[in-house]
Amino acid sequence: MSNTNKKGVLFVHTEPYNQAVKRQLNNPWSDQVANGYNTELERLAYSSRLLGSNPDIVLEGGGNTSIKLQENDLSILYVKGSGRNLAQVTQEDFTPLLLSPLQRAVEDNVNHAPLIEKIVAQAVINPDSARPSIETLMHAALPYCCVMHTHADSVLAAMNVDEIHQVHSTIYGSLAPLVDYQHSGFDLARACWQALKNQGNDQSIGLILAFHGAVSFGKDVRQAYENMLHLISLAQNYLNPFIDYPPADGSGDHLLAPSWPTSLVELTLEDLHKRINALAGFPLHLYQVKDFSFMKLLAIHQRTGLLEQGPATPQHALYTKRYPLLNRDLKAYARDYRHYLDTSLGTADSAWIDVAPRIVIDSQWGLCAFGKTLKEAQAASLMYQHDLQVMELAQRHGHYRSAPIDSIAQAEFEYGGYALRKKTTL
Ligand SMILES: [Zn+2]
């Protein structure tokens, strides 16, 4: 169901909340299709589309893949272009770069942002190709032909807990060494390179990026793809005993009782929408999911502050902000959100980012997502529904935890394109 008001701003879509947690991963890879492609680059695009088409593995612009190929005696890294959607990529969406200067930058620890930028820019072979992925250096630094990176729900639900080290050694160990949280770009590339060197062995098939996602690698596209599915399946196997909830003995029943303050501020959704637009400084579209089955999470939230912890992976904050508006008090939200951005980024960088919420959770309105376009609002809604599932499942086996607060603010700034815009106006 949908409707549009006269100004063309208010769109309301209602759909049920999808809270089905998948117990098993299906693998749509077809040898017949894969063998029909002539090059590994085409097969990389094919396998990337398979990963990108499964929302439990990749959501809206998340994830990136790469391959290293020998061409005319040169080692070339083809990495997904920034912002390209894995679900639709073709071989043209991969940017070719000279591999050796990128590898050297990581190995020599050239930890100087302007120099790194210059090295990456100069390594790009075709200036007309897309800006290479933010994780280009990580792809370059890992010494395997094919590398894949996703933010799969199951991996996040298993690993995004205070007990991360213990859970990691139970599920993965040296099969996929744990990389402590590092910001995307050079820091993450260097940390991945070091983790593999220090903790990896011949059996290693990938890396687990704390509070961020997973990386798989292999000698060819098929192996890296299967390794990614294997890493995800291991997390699913670990989570399966926690999917049936509450436990049969009734010990978790209290978590299911929705509890919500009854003294909500008198307000219509339309009024709130107008105020959110005013706060943002531009009109936002609304995508509303009117299903209240997720309200049980609010009971957990009231005791643990779960929903204010932050998103399952920092990139989601670009669409959902770090946390939702929960009590209709927009003024308090704006004040607190500005305080978080000021403290994390400094007031100059903070000023680039608006503080209008993108997610509102409400006992009468359900889950309301806001975005500059309807598509963006819909993506925010989908991401938040996946994040809710991750949070809930993580909370069942441990204590849900998101990436460090400062790094989420940094992700909002960089993924939001403000870092680039700031540079061009300097
Ligand atoms: Zn990522």
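**View 1. Tyrosine 37, partly exposed at 22% relative accessible area, beside its ring partner tyrosine 46.** This is a predicted model, and the close-up starts with two tyrosines. Tyrosine 46 comes out buried, since its relative accessible area is just 7% and the cut-off for buried is under 20%. The ring centres of tyrosine 37 and tyrosine 46 sit 5.6 Å apart with the planes at 40 degrees, so we call the pair tilted. Zoom out a bit and ring pairs join Tyr37 and Tyr46 with Trp29 and Tyr225 in a cluster.

**View 2. The tilted pair of tyrosine 323 and tyrosine 337.** Here the centres are 5.3 Å apart and the planes meet at 55 degrees, so this pair counts as tilted. Tyrosine 323 belongs to the loop between helix 12 (317-320) and helix 13 (330-345), while tyrosine 337 is in helix 13, so the pair ties together parts 14 residues apart in sequence. Both tyrosines, 323 and 337, are buried. For the whole structure, the tally is ten aromatic pairs.

**View 3. Two arginines sitting over rings.** Arginine 322 puts its charged end over the ring of tyrosine 340, 4.3 Å from the ring centre. Arginine 328 does likewise with tryptophan 365, at 4.0 Å from the centre.

**View 4. The zinc ion and its three histidines.** His149, His151 and His212 each offer NE2 as a donor, 2.1 Å from the zinc ion. Along the sequence, the donors follow the spacing H-x1-H-x60-H. Histidine 151 is in the loop between strand 4 (146-150) and helix 6 (153-159), and histidine 212, 61 residues away, is in the loop between strand 6 (206-209) and strand 7 (213-218). Histidine 151 and histidine 212 are both buried.

Notes. Residues numbered from 1 in each chain as written. Predicted model: local features only at pLDDT ≥ 70, side-chain atom pairs only at ≥ 80, totals over all residues. Heavy atoms only, no water. Donors = N, O, S within 2.8 Å, 3.2 Å for Na, K, Ca; no water. Helix = DSSP H or I, 4+ residues; strand = E, 2+ residues; numbered from the N terminus. Buried < 20%, exposed > 50% of the residue type's maximum accessible area, 1.4 Å probe, protein only. Phe/Tyr/Trp six-rings, centres within 6.5 Å; stacked < 30°, edge-to-face > 60°. Lys NZ or Arg CZ within 6 Å of the ring centre and 35° of its normal.
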